[in-house]
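Here are my notes on the model, as numbered points. Please read them with the structure open.

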Amino acid sequence: RDISFVVNPGESLAIIGTTGSGKSTIANLVSRLYDAREGNILIDDIPIAHYNLHCLRSQIGYVPQDVFLFSDTIFNNIGFGLDQPAESLIHQAAKDADVYDNISAFPQGFDTRIGERGITLSGGQKQRVSIARAVVREPSILMLDDALSAVDTKTENTILNSLKRIMQGRTTIIISHRVSSAKLANKIIVLDEGRIIEEGTHESLIEKDGMYRDLFEKQGQIEER
């Protein structure tokens, strides 16, 4: 509702808010899962509707909250978006997503077949394989849609540290209800019922007595228990 923001090339933006605030809607609009009825979404000052849909999506690495993995090998799941998956690229993407050691520990390594929807893997492993799949295509725009919700805080921090390097020179949108994920970004917007109610850096938003600081304090208390 009446939202407007700019993410410059190579910058990162975190979109934070509670469930139902409209965070995932933004990801769906950027990837043209549906189109805005009013206003425009521009990439390099060109409305996204003017881009070839395949070309647009080939430049976006999208990691959804609900991971879908195929009943296939881990190697093929990570390399799904590549025409010719190279072993070096697959392995590097797995390292970037902090899942390489887990995969290597399986008796068949990257040739391990995973069941429908990734039943062989834990929730955290599934999400990290999904991150590796998005990263391996070396996209210009990376979107993480609450992608770390299934992992514990320690694993989340490890992945976030890896993502710092992945995000270099890449436009990144981090959608999350966790302040710990939002801290990575150059700037943060806070959504509530489809509207931007706060924006700024982590430090500037902590200084305000608003929703972001409230989330930060509540989540901090939960993690300490």
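1. A definition comes first: two strands pair if DSSP finds at least two bridges between them. With that in hand, take the hairpin. Strands E7 and E8 form it, with two residues between them. In the turn, Glu193 has a positive phi of about 50°. E7 covers residues 187–192 and pairs with E8 in the antiparallel sense, over five bridges. One bridge joins Leu191 to Ile196 in E8.

2. Confidence. This is a predicted model. Mean pLDDT for the protein is 87, and 96% of the residues reach 70 or more. The lowest confidence is in helix H7 (residues 153–166), at a mean of 77. The highest is in helix H3 (residues 74–78), at 95. Keep the H7 value in mind when reading point 5, where H7 appears as a packing partner.

3. The sheet. Six strands make up an open sheet, and their order is E4-E5-E6-E1-E7-E8. The pairing is mixed. Strands E4 (60–63) and E8 (195–200) each have a single partner strand, so each has one side without a neighbour in the sheet. From one strand to the next, the twist averages 15°. Helix H6 (residues 123–135) lies across E4 and strand E5 (141–145). H6 runs at about 175° to E4.

4. The cores. In soluble globular proteins, nonpolar side chains tend to be buried together. Here the largest nonpolar core has 45 residues. Ile16, Ile74, Ile78, Phe110, Ile131, Leu163 and Tyr212 touch the most other members. H6 gives the most to this core, with five residues. Leaving out residues up to four places away in sequence, Ile131 touches Val63, Ala97, Leu148, Ile159 and Leu163. Another core, of 15 residues, lies apart from the largest one. Its members include Leu13, Ile15, Ile48 and Ile60.

5. Helix H4. Which residues of H4 are buried? They are Ile90, His91, Ala93, Ala94 and Asp96. The buried residues of this helix pack against H3, helix H5 (100–105), H6 and H7. Just after H4, Asp98 takes a positive phi of about 60°.

6. His91. This residue is found in H4, which spans residues 87–96. Is His91 buried or exposed? The relative accessible area of His91 is 18%. The cut-off for buried is under 20%, so His91 counts as buried. Not counting residues up to four places away in sequence, His91 touches Tyr100 and Phe110. Phe110 is also one of the residues that touch the most other members of the largest core.

7. Arg133. This residue is found in helix H6. Arg133 is buried as well, with a relative accessible area of 15%. What does the side chain of Arg133 reach? The backbone oxygen of Phe68, at 3.1 Å. Leaving aside neighbours within four places in sequence, Arg133 is in contact with Phe68, Leu69, Phe70, Asn77, Ile78 and Phe80. Arg133 and Ile74 are 59 residues apart in sequence. In space they are 10.0 Å apart, C-alpha to C-alpha.

How values were computed
Residues numbered from 1 in each chain as written. Predicted model: local features only at pLDDT ≥ 70, side-chain atom pairs only at ≥ 80, totals over all residues. Heavy atoms only, no water. Helix = DSSP H or I, 4+ residues; strand = E, 2+ residues; numbered from the N terminus. Axes fitted to C-alpha atoms, helices over the stretch in contact; angles between N-to-C directions. Contact = heavy atoms within 4.5 Å. pLDDT = per-residue confidence, 0-100. Buried < 20%, exposed > 50% of the residue type's maximum accessible area, 1.4 Å probe, protein only. Core = buried A, V, L, I, M, F, W, Y, C linked by side-chain atoms within 4.5 Å. Polar contact = N/O pair within 3.5 Å; in protein donor to acceptor, adjacent residues only side chain to side chain.
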